[in-house]
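Trainee: I have a model open and would like to learn how to read its sheets, domains and chain contacts. Could you walk me through it?

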Amino acid sequence: MKSQVVLAGNHLQGMLQSGADWQVQSMDWRLPGGSNEAVISTPVQDPNAISLRMIHSWLGQAVSIHNPAGEIMWHGWIEEIHLDVQRLRFGWTTQKLLSRVIARYPQASPLLDPLSSWLYTDWVEHLERLEQLGAKEALLSLREVDPNKARHAAVMQLLQQGLDDSQMLVLLPQKRAPQLTMRLKGYWHRLDWTLDGEDSGLIAHLPGGKSQQSFGLSGSERLAQSFTTGAEAFSLGQIGLRIAMLGAASDELRVKICADNAGVPGTELTSSLLSNVYLQGGWRWQAWLLDAPLALNANTRYWLVLERSGALDTSQYYEVETDDGRGYPDGECKRWNGSSWLLLNQDLRFSLMAVSETTELMREVAQQAVQGGVLQGVQIWQESGVWLPRWREVEKTRKEALEEWLALGCADESPLSALVNADGVLEVFRLPRQIEPLLQLDAEGRLRLPYGIADAHPLDLLGRRMVLPLMEAEQTQVVRGLRWTGEGLEIVDS
Amino acid sequence: MKRLAIKINQDEFVFHGSGSALALRGCQRHPSQRLPSGLSLEKLDLILQGTATQTRALISQLQMLVERTRLGHSTWLVLQPDDSPEVYQSCVYAVDFNWILGSVQAKGIGIRLELQRQDFWQLPWQALALNNSHGSAVTDGLQIDNRADGAGQNWCWITGEGLLGDLPAAVRLQLQHDLNPAESLDQIILGWGSAVSTPLAVLEGESADSLLNFGVVMNSSCHAGAYGLVQWDNPDAIRVLSWVLPGAAFAGMAGRQVRPLVRLVNPGGLRPETWLSWKLYNGSLVFQSGTQLLSLERELQLLPMICLPALSNADVPWSDLRLELYAHNRNAGTTHLALDAVFLFFTDGWRQFAALPDGELAFGQTLIDAVDQEQPYIHLAQTQKNQHAYQGIGNGLWLLPGEDHVLQILVDAGTSMPLDMNYHIQLEYQPRRRMLP
């Protein structure tokens, strides 16, 4: 098969006869991801005519590899460039390049925030590189609690290391004809350039902690805290409060979410019980997980109500941490004294987390990548049924986040995978993909179809079931990796 | 061998035949040898007899020839085998020479010249005779339409009889946008079939079968005067249309691939995120394609490739095939797919011209493409200048001597695919031969 390499934009053609002159050495495809790596090369007639400055500008640019019938078989971007001139190998790579850096440093008191033990600086950006390369981000984690030093470290990382695209000069064992070689990476890997994080999906009031309120005893049977949702609907999945048990109570703690009824808790919308086991051991942030997410309307007031499951007991009861200082502006705290709700001049310390299906999280992350020009679209073929908090602190890259969610699979335990298709659209699907007829692996490691067609598009072969030689038809494996070299297409992972 | 020379740019050095150097008394060709690089090693033994000055001048010329080739000057070995006017040439990539051991001045100095050249010989560009409903054996521009119904023909054919050479030869295309001033061309797609003389029949939307809510809409601005409209609201992958393809039409096509191009009516009205795929049945399911997301911005769109079964049909024809079009849209609501026609393009050769940013082929301009030489370019007739506007994709059009060929073309003007668009094409080829006497 004669492949055709197409470099994005005329400026890449430059002094080289692009297209037909680029030879594809190898390319491979993996799950998850699709196009994984490729190596292309071209002889260079006169190395002196090559502008090294221009080579720098090629890093990160798009490349597609077409089959003879014009279909895109592999597509990605230039990660590494080598220029061999006699015995010298010059190299450039995107690996260390950065256009945005953020640093984090430890919270002074982790008790203040149950969700994160870190504080973050602002982003530090290199505008010229951001323009040329797009967002290529890094997160620095520092041990010292000093925001100024953290910001300085981020600036230094960006300016001192993030601008270096050169690799070590290599002395080759023998003279070679001048040649340019490019190592390419698929667009899935480009998702490793940007960090994942989500600000939405959290309603919380965390300040305070030096005051407490008792409940579960006569005169203070229940506590309730109202809260107001933001401009978007909120799919509540998890409630957090800082709680302690006094005495040796053996009952459980219930949190209810109620509608607002003229300033007091009204109709119960859902509830969750926390087992007594979790209440042993003193003050702790506790989490109530809802069996099913509760859809809360935007810009609406609700109540969370805290009560014990057993009888009131003045010697064995519970306490919850409150804030008697700054106050929560979007709600109020009340105590049920057995006959009426009484206003307290405090607010509970609480956190409410919205949840989304992992496939919805994938869709949102992919859409961010679409806005960044890395992907062209997203298609979820299978909802996972697995719910996770939407709010996420900046820690992983988008690729790492996607791979983590994919690894969780579906609620019915079927595996999930994803690939960036030939049009740059991220497709998320259940494995195996339901494309018939079954593939067959021959004894030489080549894939066949029952009617002899073996040259289907590699991206269409990934994730499909194949029958192995000598195996029963029911004993199939899933194609997870393919590699093409001059010898042809072979399976590399299943 | 009547004449043998090497040509660098406009300069010629003749080894044998008219115009050879004074001191050159003989030239002997050895059988060429195939190199691992894919090139051919051509060995020439030259006999020099003359004065010391003449010999020195000749050797100096040879040395210059070596250096100019090394510097990348365009170098050709030119051979006229016999008295016929055909002159073949082969591109030379490297030249070297040395003394032949044992040769002495009295009898003449022997020099062994070694050239690394293309492993074939080719003739100059020659026009191909094209045929369709607009003309027979036309070499100076044949009209091609943007439809394949009773009102036009988007294809032409070339008879294999009389084609020269014994190797596949690259074809040069000239597409002259000279008939229809109303629109500039944007996307241009060419399919090329070898050993065939007619294209596969167009699958008309209105002729499809469907188990869904399906109707035929008569519309004179559509291909064959009507289109098929199918509607569904099922969020699963669902068969929306199917056609029966006569097995006899696929004679000799076992194991080959065809690329469908669809013309949609009002793609902007399509529900977003509609994906299409194919299933092909020949008795049982023989092929299922990947899925393709439909664009809302183009009437003319490429659909996933269809791989034909490998069961040989050269002697005994296949029974009829059933081609099913599946659609998948997971969004809530009803999808309306208005399909005018599906053109099945051969893929023995393929060329697709995607307009670069702000690129187009305007009226009066000519697109020229020779796949193995350079990127396509546009020739401006008024100013006699060239410019670049297109990216060429695909392995190009290759002519197999002795075989009939079909060229299919469809173009669009961006969003729309005007069926009344037409233009002229010319094809040329350079006949190639592996060996010359």
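Trainee: Let me begin with a small detail: in E29(A), which residue is the bridge partner of A:Gln440?

Mentor: Happy to help, and keep in mind that this is a predicted model. The partner of A:Gln440 in E29(A) is A:Arg448. That pair belongs to a ladder in which strand E28 (residues 439-441) of chain A and E29(A) run antiparallel, joined by two bridges.

Trainee: Which sheet do those strands sit in, and what is its strand order?

Mentor: Strand order tells you who sits beside whom. Here an open sheet of four strands reads E29-E28-E30-E31 in chain A, and its pairing is mixed.

Trainee: Why is one side of strand E29 (447-448) left without a neighbour in the sheet?

Mentor: Strand E29 (447-448) is at an edge of the sheet, as is strand E31 (476-478) of chain A; each has a single partner strand, so one side of each has no neighbour there.

Trainee: How does the sheet of six strands in chain A read?

Mentor: Follow the order again: E16-E15-E18-E13-E20-E21, an open sheet with antiparallel pairing. Strand E16 (264-274) and strand E21 (341-344) of chain A are its edges, pairing on one side only. From one strand to the next, the twist averages 30 degrees.

Trainee: How many bridges pair strand E13 with strand E20 in chain A?

Mentor: Four bridges link E13 (residues 222-228) and E20 (residues 333-336) of chain A in the antiparallel sense. As an example to find on screen, A:Arg222 has A:Trp336 as its bridge partner in E20(A).

Trainee: Now the wider view: into which domains is chain A divided?

Mentor: A domain may be built from separate stretches of chain, as domain 1 shows with 4-95 + 165-190. The others are domain 2 (100-151), domain 3 (207-348), domain 4 (355-430) and domain 5 (439-493). Between the C-alpha centres of domain 1 and domain 3 of chain A there are 60 Å.

Trainee: And what is the secondary structure of chain B?

Mentor: Chain B has one helix and 37 strands. Its C-alpha trace spans about 95 × 55 × 40 Å along the principal axes, and 43% of its 437 residues are buried.

Trainee: How many residues of chain B are in contact with chain A?

Mentor: For an interface, count both sides, then ask what supplies them. Here 26 residues of chain B contact 26 residues of chain A. On the chain B side, strands E21 (257-264), E23 (284-288), E29 (349-355) and E33 (390-396) each supply at least two residues. That side consists of twelve nonpolar, eleven polar and three charged residues.

Technical notes
Residues numbered from 1 in each chain as written. Chains lettered and ligands numbered in written order. Predicted model: local features only at pLDDT ≥ 70, side-chain atom pairs only at ≥ 80, totals over all residues. Pairing = 2+ DSSP bridges. Axes fitted to C-alpha atoms, helices over the stretch in contact; angles between N-to-C directions. Contact = placed C-beta atoms within 7 Å. Nonpolar A, V, L, I, M, F, W, Y, C, P; charged D, E, K, R; others polar. Domains from an automatic or database assignment. Buried ≥ 20, exposed ≤ 12 C-beta atoms within 10 Å, placed from the backbone.
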